Structures are given as C-alpha cells and as structure tokens.
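Good morning, and thank you for making time for this presentation. May I ask you to look at the sequence and the structure as they appear before you?

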Amino acid sequence: MRNTVLATTLLFASACGNAGGTSIEASTPLVIAEGQAPVTYGQVTTGTPSLSPSLLPAQPEAVRTNASCRTPKAGNNARAAYVYTYGGGVRTPLHHINRKDTPEAIAERKAMIRERTKNAKTAVQREALGMAIGNAVNNARQIDVLVTETDTPVFLYLTSYDSVLWNIQRAPGVEIDGVVINSYEAGAIANGVDASRTGIISFDNSPTRKCYVSAPGRVIPVEDRVASARKLNPNVDLSRYKKQWQQEYRDAKRFYGQDIKKLTGKRPEWILDNARDGEFNAVLVGPKPATPFEAQPVTKLQVPSHITPFWGSQKDAYKAFGLDPSA
C-alpha cells in the first residue's frame, strides 16, 4: 500500500473527562513464542505511562487507506513477527467512528437521536437505542508489543478483530523494519515507523475491506478434537462434525504454513496468538532481557485516514459525534 501522511485535526482537541488511563500490571503474563519460558510484563519493561483522556500524547498522523492490498513486507535482513488476538488490552481514550464525519452529519445524527429518545416509550426500546449508540463508537484497547530482538531489524504484522491501539515498545538497540496492522474494526499504532513502512487494513466501512485477512483458529488435529469431545460426552455423535473439523484443520495448516509468509514477506520467526491464553494485554518479540528496559511514552500516534477519531472520555466522544441525547 502506498501510504501518505495526512494532517488530521478534526475532533482531536483535548477533552476533559475521566481522570487517568489504565496501566498494564507488572504481573501480567506475556504472550510468547512457542518454546520460550513464561515471562511477565514487569520482567521485560518498567511499563508505559497510562494515557490520560485530558491530554493528547502526540499530534496524530492519518495513514492513507485505499483499495490497494499492497502492504510493506519484511526487508531482506529483517525477521518477522506475526501477532493475532481477537481483542483484549486495556481501555484507552482513543475512540472513533468508521467514516469521515462532517459537522452536518453530526448535527443530523444529534437531531435523530433526540427524536428517537423522545419516542422510546418502553424499557426495551430505550435499551435498544442505548445499544445502537454504544455500537456506533469504537474504543481502541491498548496492547503493548515489547520488542527486545536486537540482532536484526524486526518486521511486525499485527492483526485482531476488535479495535486495538498497538503500542510498540523498543528495548535499547531495537530497529523496527515496518509495521502492518490488519483488523476488522479499525486499529491504530503508537510509536510506529514512517508511513512509507506502515500499512493499515480494516474491514468495517473501509476502502481496504477486501484486503482484510481473518485468522483461522489453532491448528488442532481432528483426532484431538474427537478425543476432547468424547471426554466431555462419551456417547456424543461426531459424524456431522468430522468433515467440518477436517476442513478447519486444512485451512489452519495452510494459513500458518503458507499464507502468513505471503503477508509478511518471509516465514515469521515469532508467531504470537491468543489461542491458548484468551485475549491478552502484551506480547514479547525477542528474548527476555537481563534487566527490564524503561518504556517510552507515546510520542507518535497513527490512525487510518478513513475514520473520524476522538481523544477523550467515552461520554465526550458520544457528544462529539452527536450521539448523546442530553447534549
């Protein structure tokens, strides 16, 4: 993808709201590569400062998203990491809607919400309206990518379903070769690299929707799934599931054996996913350091160009997008 940095100021004024963000606990287990010994967040880094809704940490860059599916690939001397999670992370003050908004659209939405609120007579109608408002605004959750590999540059391919603010943290001597994020809901990058080595793909209402790649589940042999099912219920009829499980096994083998290499440009040195651990808050790319490194505050913030972002509290985001009936 040919990426262009665009000036973005709409709705990025500092907003007063809830105090302080949420930090990742030192005892949080990290997602690690297969074969690595378990390690906690505090054993790798002293931890990034929490993000405050009232203080924008960096003037954001809008990275161009278009219909092209070309994204940066790992350089010849780089090693690649592939990361996947459905969601997870700690709450951030970064909110967005999946379109470019205008003052006219906000005013029209505000009038519509007021009218629907006035006409919502029953508890069910009011609950449905509340859900519609809540689902209209996405909140990015922060996941820290702790990179400690210093022997070669590291290329990061970061993918999720939910909106994630991928916070890239480098140990001293780390060089990031490039960053691609691939998600269903639009994501963002903290402390990334130049836009020429950055790719952003998302599905929901995005020019890049045809480029979105959904990760399959874990590679689990059919016999293992059969054994697990029979352990729960020895008399279960598995005849209708075996064909489906066989196809899922083939799809997962192909993805982890071939497709990831196409996405990253080379076979990843690290494959980090949440298949065994559920949603997570941080991953480790590289070895555990001898002593924890001091994490950097967010000084670079990149968002996709097709969304309208807002930095602040959730309540203020609803007001800014014309979704708060009391505003």
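Five aromatic residues, Y86, Y161, Y184, F203 and Y212, form one aromatic cluster. Please bear in mind from the outset that this is a predicted model.

Let me place this cluster among the other aromatic contacts. How many aromatic pairs does the structure hold? There are 10 of them. I shall discuss two.

One is the pair of Y82 and F255, which is edge-to-face, with 5.9 Å from centre to centre and 70 degrees between the planes. Why does this pair tie together parts of the chain that are 173 residues apart in sequence? Y82 belongs to strand β3, residues 79-85, whereas F255 belongs to helix α4, residues 239-264, and so the pair joins those two parts. Are these two residues buried or exposed? Y82 has a relative accessibility of 1% and is therefore counted as buried, the limit being under 20%. F255 has a relative accessible area of 3%, so F255 is buried by that limit too.

The second pair takes us back to the cluster. Y86 and Y161 are stacked, with 4.8 Å between their centres and 5 degrees between their planes. This pair links distant parts of the chain, 75 residues apart. Y86 sits in the loop between β3 and β4, the latter being residues 90-97. Y161 sits in the loop between β6, residues 154-160, and β7, residues 164-170. Y86 counts as partly exposed at 40% relative accessibility, and Y161 is likewise partly exposed, at 26%.

I turn now to the neighbourhood of another cluster member, Y184. Which residues does D204 contact, leaving aside its neighbours within four places in sequence? They are N98, Y184, E185 and H306. D204 itself is placed in the loop between β10 and α3, and at 26% relative accessibility D204 counts as partly exposed. The C-alpha atoms of D204 and A186 are separated by 7.2 Å, with these positions 18 residues apart along the chain.

The loop between β10 and α3, where α3 is residues 222-232, also holds N205. N205 is not a glycine, yet N205 has a positive phi of about 55 degrees. Its relative accessible area is 41%, which makes N205 partly exposed. R218 is found in this loop as well, and R218 is partly exposed, with a relative accessible area of 41%. From R218 to E269 the distance is 18 Å, C-alpha to C-alpha, and the two are 51 residues apart in sequence.

A positive phi also occurs at N191, where the angle is about 60 degrees although the residue is not a glycine. Where does N191 lie? N191 lies in the loop between β9, residues 188-190, and β10, residues 198-202. With a relative accessible area of 5%, N191 is buried, whereas N205 is partly exposed.

Let me return to Y82 by way of one of its contacts. I271 lies in strand β11, residues 270-273. Not counting residues up to four places away in sequence, I271 touches A33, Y82, Y256 and I260. I271 is partly exposed, at 33% relative accessible area, while Y82 counts as buried. As for separation, I271 and A295 are 24 residues apart along the chain, and 23 Å lies between their C-alpha atoms.

Finally, I should like to set these details within the chain as a whole. What does the secondary structure come to? The protein chain has five helices and 14 strands. Its radius of gyration is 21 Å, close to the 20 Å that the globule rule gives for 327 residues, so the chain is as compact as a globular protein of that length. Along the principal axes, the C-alpha atoms fill a box of roughly 55 × 55 × 40 Å.

Of the 327 residues, 50% are buried. The accessible surface of the chain is about 15900 Å², and carbon and sulfur atoms account for 50% of that surface. Considering contacts between residues at least 6 apart in sequence, 75% join residues at least 24 apart. On charge, there are 39 positive and 30 negative side chains, and the centres of these two sets lie 5 Å apart.

To close, I would direct your attention once more to the aromatic cluster of Y86, Y161, Y184, F203 and Y212, and to the contact between D204 and Y184. Thank you for your attention.

Conventions
Residues numbered from 1 in each chain as written. Predicted model: local features only at pLDDT ≥ 70, side-chain atom pairs only at ≥ 80, totals over all residues. Heavy atoms only, no water. Helix = DSSP H or I, 4+ residues; strand = E, 2+ residues; numbered from the N terminus. Rg over C-alpha atoms; globule rule 2.2 N^0.38 Å. Buried < 20%, exposed > 50% of the residue type's maximum accessible area, 1.4 Å probe, protein only. Contact = heavy atoms within 4.5 Å. Areas by Shrake-Rupley, 256 points an atom, 1.4 Å probe, with all protein chains shown as cover. Lys, Arg positive; Asp, Glu negative; His and termini not counted. Charge placed at Lys NZ, Arg CZ, Asp CG, Glu CD. Phe/Tyr/Trp six-rings, centres within 6.5 Å; stacked < 30°, edge-to-face > 60°.
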